Amino acid sequence: MRNKIACISLNLDSIGHAIGKSPLENDPTFNIVFDRIEKILDRYNIKLSVFVIGKDLENDKNLKKVSSWSSRGHEIGNHTYSHALNFSSLSYKEIHNEIKKTDELILKATNKKPTGFIAPGWNSSNKVLLALKDLGYKYDHSLFSSPILFLGLFKLFYNFIKVLIVEKKQPKTYTIFEIFQRRDYLHMFFGKSKPFKTSNSYFFTSKEKDALRVYPIPSKFKLAYWLTMDFVLPKKISDLIFKINIKRKNFFYILIHPADFISEEDLRHIEGTHSFERISVDLDYKLNVFEDRIKQLLENNFIFKTFDQLT
Ligand SMILES: [Zn+2]
């Protein structure tokens, strides 16, 4: 019997954003990446949840793309307006504004109010939960309950240094200080790993009717899985982490990023993209790994839904 549920969350971290030129005309994340992912998902009749950066929707072409994805049954969620890496350190007003601006742009694109959110780099706090609740959101999946996040932070740190050496200047979209400016260090060690409802805290649950649902990054024994792991860790280790995570679990989601679906060729004509992560990994290999993960979930009796359908 199929009673286990899986979702796919695409955090649409655009090329335009990465090189500090959002919204970028002909951004490959809007023009190439989504179609590649959808082509695979169509084989299994799966819809996904896409979380967009608001600033990217200040471009008509991008807005139209998002509108067409939504009309084909995919969910469009909120990934803030400017993707500030120190998101949780902003004031309540700034956080509220970042979410609201994107909310309005998504509504303009899709005619639907978004119901879900994820913070940039999972950098979230109780203030973010409060703003989401005030703006009528139903769920958040910014909680990263695993110290593996440090791996991601050190990768960012490494990128920063790399850009500094290659371009002799800082990356345009973040500072070295922001990488570690977080309010969630305790979450990594003591955060919940199963979905729960809350009204104002990542630690305390709530039975209130309008409580927010929180979907933490899938993790077991504090070992979290998202698709990037397959391209940065030895395959045997990421396979093991994936397996222990889907075993006997009723809910799972795969978090994916555009870099998992882009090749060097796609970026050849775009300036400032030479220091990108996982671009050198063969594209066909990356697409196959993703499709294998889908197959494994189906074989393990998961059915796919968008987050919005669950909440
Ligand atoms: Zn992001």
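**A walk through the predicted model, from a loop to the sheet and helix α11**

His269 is found in the loop between β10 and α11, where helices (H or I, at least four residues) and strands (E, at least two) are DSSP runs numbered from the N terminus. The model is a predicted one, in which local features need pLDDT of at least 70 and side-chain atom pairs count only at pLDDT 80 or more, while totals for chains, interfaces and linings use all residues. Residues are numbered from 1 along each chain as its sequence is written.

Is His269 buried or exposed? With 9 C-beta neighbours inside 10 Å, His269 counts as exposed; a residue is called buried if 20 or more other C-beta atoms lie within 10 Å of its own, exposed if 12 or fewer, and partly exposed in between, with C-beta atoms placed from the backbone. The C-alpha atom of His269 is separated by 31 Å from that of Ser71, a residue 198 places away along the chain.

Turning to the whole protein, one finds twelve helices and eleven strands. For 311 residues, a compact globule would have a radius of gyration near 19 Å, and the 18 Å of the protein agrees with this; the radius is taken over C-alpha atoms, and the globule rule is 2.2 Å times the number of residues to the power 0.38. Along the principal axes, the C-alpha atoms fill a box of roughly 50 × 45 × 40 Å, and 43% of the 311 residues count as buried. Of the contacts between residues at least 6 apart in sequence, 74% join residues at least 24 apart, a contact being a pair of residues whose C-beta atoms, placed from the backbone, lie within 7 Å.

The strands come next, beginning with β1 (4–12). This strand is mostly covered, since seven of its nine residues are buried. Strands are said to pair if DSSP finds at least two bridges between them, and β1 has several such partners. It runs parallel to β10, to which six bridges join it, and Ile5 has Phe251 as its bridge partner in β10. With β11 the pairing is again in the parallel sense, over three bridges, and there Ala6 has Phe304 as its partner. Four bridges join β1 to β2, also running parallel, with Leu12 standing opposite Val52 in β2.

From β2 (residues 49–52) the path continues to β3, since four bridges join these two parallel strands, and Phe51 has Gly77 as its bridge partner in β3. In a regular strand the side chains alternate between the two faces of the sheet. In β3 both faces are covered, with Glu75 and Gly77 buried on one side and Ile76 and Asn78 buried on the other.

Why does Glu75 count as buried? There are 25 other C-beta atoms within 10 Å of Glu75, and it is therefore classed as buried. Leaving aside neighbours within four places in sequence, Glu75 is in contact with Ser49, Val50, Thr306, Phe307 and Asp308. Its C-alpha atom is 9.1 Å from that of Thr115, although the two residues are 40 residues apart in sequence.

Val50, one of those contacts of Glu75, also touches Leu10, Leu12, Trp69, His74, Ile76 and Gly77 when residues up to four places away in sequence are not counted. Val50 is among the residues with the most contacts inside the largest nonpolar core, together with Ile8, Leu10, Val52, Leu132 and Tyr253. That core has 70 residues, a nonpolar core being a set of buried Ala, Val, Leu, Ile, Met, Phe, Trp, Tyr and Cys residues joined through C-beta atoms within 7 Å.

Helix α11 (residues 283–299) has 17 residues that, at 1.5 Å a residue, should span 24 Å, and its end C-alpha atoms are 24 Å apart, which agrees; the expected span is 1.5 Å times one less than the number of residues. The buried residues of α11 are Lys286, Phe290, Arg293 and Leu297. Seen down the axis of α11, these fall within an arc of 55 degrees, so they line one face of the helix, the arc being that of the directions from the helix axis to the C-beta atoms. An α-helix has 3.6 residues a turn, so residues three or four places apart point the same way. What covers the buried residues of α11 includes β1, α2, α9, α10, β10 and β11, whereas Asp284, Tyr285, Asn288, Lys295 and Glu299 are exposed on the other side. After α11 comes Asn301, whose phi is positive, near 65 degrees.

Notes:
Contact = placed C-beta atoms within 7 Å.
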